[in-house]
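Colleague: I've got a model open and I'm not sure how to read it. Could you walk me through it?

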Amino acid sequence: MDSFKINGGNTLKGEVTISGAKNAALPILMSAILTDEEVIISNVPRLNDINTTIKLLLQLGAKVDWIDENTLSITAGSIDQHIASYELVKTMRASILVLGPLLAKFGHAEVSLPGGCAIGARPVDLHIHGLKLMDADIDVEQGYIKATKAGRLQGATIFMDTVSVTGTENLMMAAALAEGTTIIENAAREPEIVDLAQCLNAMGAKVSGAGSDMLTIEGVEKLHGAKYSVMADRIETGTFLVAAAVTQGHIKCNNTDPKALDAVLSKLQEAGADITTGDDWIELSMTSRPKAVNIKTAPHPAFPTDMQAQFVTLNVLAEGSAHVTETIFENRFMHVPELQRMGADIALEGNTAIMTGVESLTGAQVMATDLRASASLVIAGLVSTTETQVDRIYHIDRGYQHIEDKLQALGADIQRVKGA
Ligand SMILES: CC(=O)N[C@H]1[C@@H](OP(=O)(O)OP(=O)(O)OC[C@H]2O[C@@H](n3ccc(=O)[nH]c3=O)[C@H](O)[C@@H]2O)O[C@H](CO)[C@@H](O)[C@@H]1O
Ligand SMILES: C=C(OP(=O)(O)O)C(=O)O
């Protein structure tokens, strides 16, 4: 397993190009299942999760080719399998996103239940409930969700008890080919939902209301091919901005969308960062130690859970004390014990971490447990006074394209050490 060796102390300076968003690309790639025609998707990040998605589409029988470094061509007309196996689903929970498209297009889907992961139980009951309301027959047997529908799914009004991002996406994709109109109430409002809706509409779907908590999807009989470019990764952007802030650096993130990062930018400003934005760039300059900031995660447009771990690291090094409360996932503080081993002062009380900033951290051998926890440990390594080794970085490779190359270009001393 690969690890990172980081020698902290360098100030991050320069420009970084932000990649396409993992969490938008995954549902968009799956949406190609809904049409027999070719879908060309650009700004696709080169990530392990994308490789897993391609493997899954190929196993189903789709034709998938890279046209250039970040552009994929997918033709799903040849799909003749409808099963997403445990082997793939266990490495990527987002594989659940094949359920809606396969069922809507072929009337049959078998998808392994994803099970829990390091950050929480992560059930998929809302996905199943919504599809049942659309008249699908669904059984859970031997660890698999087995869904069938003779004829087209039926439009329905679906109230989501809890705001779910992939739940909303799965139902939106299923509804695109259903007979009649589907209304999704208490829908997720994340920018990635808007991106998927725009891609579906480019394929001929009739989705409106994306970005609000009520989606209306008028089902159509057929979708057609399209060309679509994936939105920028707001979490990658936020991660680089926090990394620059803790090193008291000055960076510009290009190819990104400041409008998708309101909550994060406002917390960085509260921490003392000077932020300037343009249509597709964000510049951050930090000339002093950050000030501690209180955070509470919640669905968009509130502060994203996927930026929580990075802000814990910022607070660990900040002037003052702060609370970080995680309201989305029940176990998303796995980075805390690792940061404590580097000298962080953090107390955990239920779903709240209470941090009192220290002036510096010392390096240690630490273990990445999930994607954003890994990012927070890398950021801690950038400012620690002795060498940090972050193990199990396959987690980080799920969601950050060439993170060490991008950090090196900004002046960080970080090396990938190849493992067995
Ligand atoms: C691939 C992708 O886009 N992943 C993102 C997506 O994950 P994901 O879509 O899996 O997360 P959800 O929005 O579904 O989860 C939100 C909450 O709803 C609960 N829940 C969800 C579905 C369900 O059927 N039943 C249920 O109870 C979850 O356990 C969690 O407590 O949104 C999360 C919340 O912004 C992000 O952290 C992930 O990065
Ligand atoms: C939790 C995340 O991803 P996933 O839902 O794919 O596990 C994430 O992107 O931070």
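Modeller: Sure, let's start with contacts. Among contacts in the protein between residues at least 6 apart in sequence, 72% join residues at least 24 apart. Keep in mind that this is a predicted model.

Colleague: What do I get if I count the helices and strands in the protein?

Modeller: You get 14 helices and 24 strands. The radius of gyration is 21 Å, and the globule rule gives 22 Å for 420 residues, so the protein is as compact as a globular protein of that length. As for dimensions, the C-alpha trace spans about 65 × 45 × 45 Å along its principal axes.

Colleague: And how much of the protein is made up of buried residues?

Modeller: A residue is called buried if 20 or more other C-beta atoms lie within 10 Å of its own. Here buried residues account for 53% of the 420.

Colleague: Which domains is the protein divided into?

Modeller: Domain 1 covers 3–19 + 232–417, and domain 2 covers 22–229. So when you colour by domain, expect domain 1 to come in two stretches of sequence. The C-alpha centres of the two domains lie 30 Å apart.

Colleague: How many residues of domain 1 are in contact with domain 2?

Modeller: On the domain 1 side there are 19, and they are in contact with 15 residues of domain 2. By class, that side of domain 1 has 6 nonpolar, 6 polar and 7 charged residues.

Colleague: Now the ligands. Which residues are the closest to ligand 1?

Modeller: For a ligand, list the shell, then ask what supplies it. Ligand 1 is surrounded by 19 residues, the closest being Asn-23, Leu-126, Ser-164, Val-165 and Thr-166. Helix H1 (22–31), helix H5 (125–133) and helix H6 (165–176) each supply at least two residues of that shell. Its make-up is 8 nonpolar, 8 polar and 3 charged. Each of the two domains gives at least three residues to the shell around ligand 1.

Colleague: Which residues are around ligand 2?

Modeller: They are Asn-23, Arg-93, Ala-94, Asp-306, Leu-371, Arg-372 and Gly-399. The classes there are 2 nonpolar, 2 polar and 3 charged. Domain 1 and domain 2 each contribute at least three residues to the shell around ligand 2. Asn-23 is worth clicking on: it is in the list for ligand 2, and it is also among the closest residues to ligand 1.

Colleague: What does UniProt list as "binding site"?

Modeller: An unreviewed UniProt entry lists Lys-22 and Asn-23 under that heading. Lys-22 lies in helix H1, and Asn-23 has its place in helix H1 too.

Colleague: Is Lys-22 buried or exposed?

Modeller: Count its neighbours. Lys-22 has 26 C-beta neighbours inside 10 Å, so it counts as buried. Asn-23 also counts as buried, because it has 26 such neighbours. Leaving aside residues up to four places away in sequence, Lys-22 touches Pro-45, Leu-47, Asp-49, Asp-233 and Gly-399. Gly-399 is in the shell around ligand 2 as well.

Colleague: Which residue does UniProt list for "active site"?

Modeller: The unreviewed entry gives Cys-117. Cys-117 lies in the loop between strand E7 (108–112) and H5. With 15 C-beta neighbours inside 10 Å, Cys-117 counts as partly exposed.

Colleague: Which residues does Cys-117 touch?

Modeller: Not counting residues up to four places away in sequence, Cys-117 touches Arg-93 and Arg-122. Of those, look again at Arg-93, which is one of the residues around ligand 2.

Methods: Residues numbered from 1 in each chain as written. Chains lettered and ligands numbered in written order. Predicted model: local features only at pLDDT ≥ 70, side-chain atom pairs only at ≥ 80, totals over all residues. Contact = placed C-beta atoms within 7 Å. Nonpolar A, V, L, I, M, F, W, Y, C, P; charged D, E, K, R; others polar. Near = placed C-beta within 6 Å. Helix = DSSP H or I, 4+ residues; strand = E, 2+ residues; numbered from the N terminus. UniProt positions renumbered as here; feature names shortened; annotations may be inferred. Buried ≥ 20, exposed ≤ 12 C-beta atoms within 10 Å, placed from the backbone. Rg over C-alpha atoms; globule rule 2.2 N^0.38 Å.
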